[in-house]
Structure formats: structure tokens, C-alpha cells
Amino acid sequence: MKKSFTILLFLCAVFSAFSESFTSPDGNLSLNFSVNGSGVPVYSLSYKGRPVVADSRMGLLLKNDKFSLYDGFEISGVENSSFSEVWNPVWGEESAIENTYNQMKVSLLQKKSGRTMIINFRLFNDGLGFRYEFPQVGGLNYFVIREELTEFAMTGNHTAYWIPGDYDSQEYEYTKSRRGERL
């Protein structure tokens, strides 16, 4: 009896090491992040306990590179933090803008390449934002993305608004995607 109990505790500890979650400041949004059996990053999002985004894979394929940034990862670290500020724009429709969020930065190690990828999630009271960060380790100083494999598996007739990230310009129009559309 004691032997099976010890094994069960060990399996629970191993499983919990591969899954992380956090909530928005008001507690209504909850994000769960894990790495599946192939080492692919996966996230899901719920609102007041109801799924909004089902398990969705994350990652990138690189051009002219034998390693993708899609699989073979393990969680190597997690940092949680909170931020809150109110700022006053020079002009616009609002006299004060609140910027409040909880953040979870997940560091992922890809052993076969020695590369690290960080996924920086932010949960606001009204939505989710995330970005990929790439420390200059494992020979990843310059690269070209061939294809983004990030999924948004919406559970209902939801709409996602997004813009591509580009270090040269932030002058992009928002793209609007409905459930079932490829982003």
C-alpha cells in the first residue's frame, strides 16, 4: 500500500512540473500552460471557469535551420509578476488609461539545440496578450521565421484581434479573425 502511494505522489509531482497557470487581476480569466509529450508548448484560456480557447499549440518554423522552435521543449523556469499604472495621454478619447495585468514568463529549453525560448503571457481583466522572446543563446542570433504555428482554438464564436510584431514599425492595422480562420 505504501509503495503505490509513493508512486502516485511522484507522478503528481512530475505532472505538476509541466503545467503552470495564472489568472487576470480580477480573477475572471485563467490561463493554463504546459508542454505536451512531444515538447510542444500548449496554452488554454478560460473566462469565469468556461473555456474560451481550447488547448492551442505554440511555436515557429525557421527558414534554413535544422531545428524548429516548435517541439522538444521543457519548462526551465517560470516568473510571475503583476503590474498596475494609470497614465494620462496627451490627447485622445480618455483622460486616463489604466494598464493593469498579471504576467507569467515561461522559459523553455530545447535540449537538442541548446536554445531557449521565452513566452511572455499577460492577462488583463479584458483579455490576453503574449509574445515570444529569444535570448541570444544556442546560436540563435539572427533568424528568419518561415512559418508561425501558433494556434487560437476558439471554443465559441469568438473574435481575435491581432497585429504582427515587427521591430521596424508598429504601424500595422489590426487583423480580425473569427473562429475557424487560420491566423
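The chain exposes about 12100 Å², and carbon and sulfur atoms supply 52% of that area. The model is predicted. Buried residues make up 31% of the 183 residues in the chain. The secondary structure comes to one helix and twelve strands.

**Overall layout**

- The helix comes at the N-terminal end of the element order, and the strands follow: α-β-β-β-β-β-β-β-β-β-β-β-β.
- Take the contacts in the chain with a separation of 6 or more: 48% of them join residues 24 or more positions apart.

**Two hairpins around S3**

- Strand S3 covers residues 41–47. S3 is mostly covered, with six of its seven residues buried.
- S2 and S3 pair in the antiparallel sense, over seven bridges. One of the bridge partners is easy to find: Val35 pairs with Pro41 in S3.
- S2 and S3 also form a hairpin, with five residues between them. In this turn, Gly39 has a positive phi of about 80°.
- S3 and S4 run antiparallel too, joined by five bridges. Here Leu45 has Val53 in S4 as its bridge partner.
- The hairpin of S3 and S4 has two residues between the strands. Lys48 takes a positive phi near 50° in this hairpin.

**The open sheet**

- Strands of a sheet pair through backbone hydrogen bonds, either parallel or antiparallel.
- Four strands form an open sheet in the order S6-S7-S8-S9, and their pairing is antiparallel.
- S6 and S9 stand at the edges with a single partner strand each, so one side of each is left without a neighbour in the sheet.
- From one strand to the next, the twist averages 20°.
- S6 and S7 are joined by 14 bridges and run antiparallel. Look for Glu85, which stands opposite Asn99 in S7.

**The nonpolar core**

- The largest nonpolar core has 26 residues. Leu31, Phe33, Leu108, Ile119 and Phe121 have the most contacts inside this core.
- Seven strands are listed as giving two or more residues to the core: S2 (29–35), S3 (41–47), S4 (50–57), S5 (60–62), S6 (73–87), S7 (97–110) and S8 (115–124).
- Phe121 touches many residues beyond its sequence neighbours (up to four places away), among them Phe22, Leu31, Phe33, Tyr43, Met58, Met104, Val106, Leu128 and Phe130. Its contacts also include Asn102, Gln103 and Gly129.

**Aromatic rings**

- A search of the whole structure finds eleven aromatic pairs.
- Tyr43 and Phe130 form a tilted pair, 5.6 Å centre to centre with 55° between the planes.
- Tyr43 lies in strand S3 and Phe130 in strand S9 (residues 127–133), so the pair ties together parts that are 87 residues apart in sequence.
- Tyr43 counts as buried because its relative accessibility is 0%. Phe130 counts as partly exposed, at 22% relative accessibility.
- Phe130 and Tyr132 have ring centres 6.4 Å apart and planes at 85°, so this pair is edge-to-face. Tyr132 is buried, with a relative accessible area of 17%.
- One aromatic cluster takes in Phe33, Tyr43, Phe121, Phe130, Tyr132, Phe134, Phe143 and Phe152.

Notes:
Residues numbered from 1 in each chain as written. Predicted model: local features only at pLDDT ≥ 70, side-chain atom pairs only at ≥ 80, totals over all residues. Heavy atoms only, no water. Core = buried A, V, L, I, M, F, W, Y, C linked by side-chain atoms within 4.5 Å. Buried < 20%, exposed > 50% of the residue type's maximum accessible area, 1.4 Å probe, protein only. Contact = heavy atoms within 4.5 Å. Phe/Tyr/Trp six-rings, centres within 6.5 Å; stacked < 30°, edge-to-face > 60°. Areas by Shrake-Rupley, 256 points an atom, 1.4 Å probe, with all protein chains shown as cover. Pairing = 2+ DSSP bridges. Axes fitted to C-alpha atoms, helices over the stretch in contact; angles between N-to-C directions.
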